[in-house]
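Here's a friendly walk through one protein model, piece by piece. Have the viewer ready and follow along.

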Amino acid sequence: MKALQFTAYGDPEVLRWVEAPEPHAGPGQIRVAVRSASVNPIDWKVLSGALAGGEPLAGPRYLGFDAAGVVDEVGDQVVGVSVGDEVFGRGASTQAEYAVLDSWALKPPSVDWALAAAAGVAGETAERGLRLLGVSAGDTLFIDGGAGGVGAVAVQMALARGATVIASAGQANHDYLREIGATPVLYGDGVAARVQAAAGGKVQAVFDVAGRTSIEELISVAPEPSQVLSIANFSAAQAGARVTGGGDDSRPMEALAQVAELLEQNKLVIKVQTFPFDRAAEAYRISQSGHLRGKLVLVP
Ligand SMILES: NC(=O)c1ccc[n+]([C@@H]2O[C@H](COP(=O)([O-])OP(=O)(O)OC[C@H]3O[C@@H](n4cnc5c(N)ncnc54)[C@H](OP(=O)(O)O)[C@@H]3O)[C@@H](O)[C@H]2O)c1
């Protein structure tokens with residue numbers, strides 16, 4: 001099979017779409033013939049070597065953390081899914097012709113492949129954030145970075161819970177935020193004042209999905225520091241905010257089931273830009289720019 005591979009840390013130009021060993025489903029896993037896999041910032045962070053702790057690369061490495069595809073192997077202890085089912089979910093080395101998933105949901109037939117892949121990592125992360133913040137009907141939530149992958153999904157999941165959402169973006173993405181149901185505010189200097197003006201006071205919770213605004217400024221619009229949760233500013237805890245990187249916080253199968261339901265009900269739409277696998281470097285470059293509207297998805 002072919003897979004997106006790199007043999008030296010670096011910029012997206014080092015990526016190659018080349019022959020690679022086929023993976024197989026272990027216990028609790030499934031394998032899919034991949035129809036689409038999204039690009040997440042973690043991909044280019046791994047590729048750059050920034051997460052390697054100074055260790056050199058030991059052999060070829062592969063990328064991708066979510067995919068949608070057709071099940072072609074079912075591991076031991078897996079129930080409720082069969083060869084031939086169309087699914088989407090999270091895994092490792094998913095930017096390939098075949099990939100192993102650790103968590104998944106059935107893809108609603110009305111949902112296209114690219115949208116399904118786009119909803120994997122972003123959907124799980126959004127569900128986790130809203131659950132940890134306890135966002136429920138009647139709350140007003142501020143999402144800092146609402147137009148990107150995680151942000152756009154979090155906006156719509158929060159609306160589906162009955163919350164009101166204020167979200168930040170660059171000016172070019174304000175119409176997109178309105179389209180998906182959020183009140184837009186411009187990020188950058190003075191964002192806390194703009195949020196309070198839009199909310200008529202403080203909000204019940206702040207979901208920092210960009211990690212770009214000072215945590216003190218975000219805390220100033222929340223009822224208490226612990227009602228600010230960041231997925232991208234890992235020093236936020238020093239100021240009393242919360243940080244989540246997944247792990248024990250994560251309930252991926254439940255999250256993906258919720259995402260599938262919202263997709264089926266047309267309550268979750270994501271602007272998707274697709275690229276063939278052998279042009280992955282272009283998608284990685286756009287992701288690295290940090291100014292996303294929705295998701296970038298690789299397709300065969
Ligand atoms: N901890 C976890 O479990 C976890 C899980 C998934 C992702 N992440 C991390 O979360 C971050 C976001 O991921 P993503 O997939 O949503 O990224 P993304 O799709 O690249 O979106 C990034 C967003 O950040 C916005 N942004 C840029 N500058 C900003 C600023 N100064 N203030 C506020 N927002 C700003 C951009 O808005 P404009 O386009 O309007 O400029 C863009 O929509 C990444 O760092 C990623 O690695 C963490």
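Before we look at how helices cross, a word on the lines drawn through them: axes are fitted to C-alpha atoms, for helices over the stretch in contact, and angles run from 0 to 180 degrees between N-to-C directions. Helices (H or I, at least four residues) and strands (E, at least two) are DSSP runs, numbered from the N terminus. With that in hand, take helix H1 (residues 41-48) and helix H9 (residues 280-289): their axes come within 9 Å and cross at roughly 100°. That makes H1 roughly perpendicular to H9, since angles under 35 degrees count as roughly parallel, over 145 as roughly antiparallel, 65 to 115 as roughly perpendicular and the rest as oblique.

A note on what you're looking at: this is a predicted model, where local features need pLDDT of at least 70, side-chain atom pairs count only at pLDDT 80 or more, and totals for chains, interfaces and linings use all residues. Residues are numbered from 1 along each chain as its sequence is written, and side-chain values use heavy atoms, with hydrogens and water left out.

Back to that crossing. Pro 41, Asp 43, Trp 44 and Leu 47 are the H1 residues that meet Tyr 284, Ser 287 and Gln 288 in H9, where contact means heavy atoms within 4.5 Å. Sorted by type, the residues of this H1 contact with H9 are four nonpolar, two polar and one charged. Here Ala, Val, Leu, Ile, Met, Phe, Trp, Tyr, Cys and Pro count as nonpolar, Asp, Glu, Lys and Arg as charged, and the others, Gly among them, as polar.

Now zoom out. How is the protein divided? There's domain 1 (2-119 + 270-299) and domain 2 (123-248), with bounds that come from an automatic or database domain assignment. The C-alpha centres of domain 1 and domain 2 lie 26 Å apart, and nine residues of domain 1 are in contact with eleven residues of domain 2.

Next, the sheets. Strands of a sheet pair through backbone hydrogen bonds, either parallel or antiparallel. Two strands pair if DSSP finds at least two bridges between them. One open sheet has three strands in the order E2-E1-E4, with antiparallel pairing. Its edges are strand E2 (16-19) and strand E4 (61-62), each pairing on one side only. Strand E1 (residues 2-6) pairs with E4 over two bridges, and Phe 6 has Arg 61 in E4 as its bridge partner.

Another open sheet has six strands, ordered E10-E9-E8-E11-E12-E13, and here the pairing is parallel. Strand E10 (183-186) and strand E13 (242-243) are the edge strands, each paired on one side only. Strand E9 (residues 164-169) pairs with E10 over four bridges, and Ile 166 stands opposite Thr 183 in E10.

Finally, follow helix H3 (residues 121-133). H3 lies across strand E8 (140-144), strand E11 (205-208), strand E12 (228-230) and E13, running at about 150° to E11. H3 also packs with helix H4 (residues 149-160) at an angle of about 55°, their axes 8 Å apart, so H3 and H4 are oblique to each other. Among the residues of H3 that meet H4 are Ala 122, Ala 126 and Leu 130. The H3 contact with H4 divides into eight nonpolar, three polar and one charged.

H3 has another helix to deal with: helix H8 (residues 252-264), at about 105° and with axes 9 Å apart. H3 and H8 are therefore roughly perpendicular to each other. Gly 123, Glu 124 and Glu 127 of H3 make this contact with Pro 252, Ala 255, Gln 258 and Val 259 of H8, a mix of three nonpolar, two polar and two charged residues.
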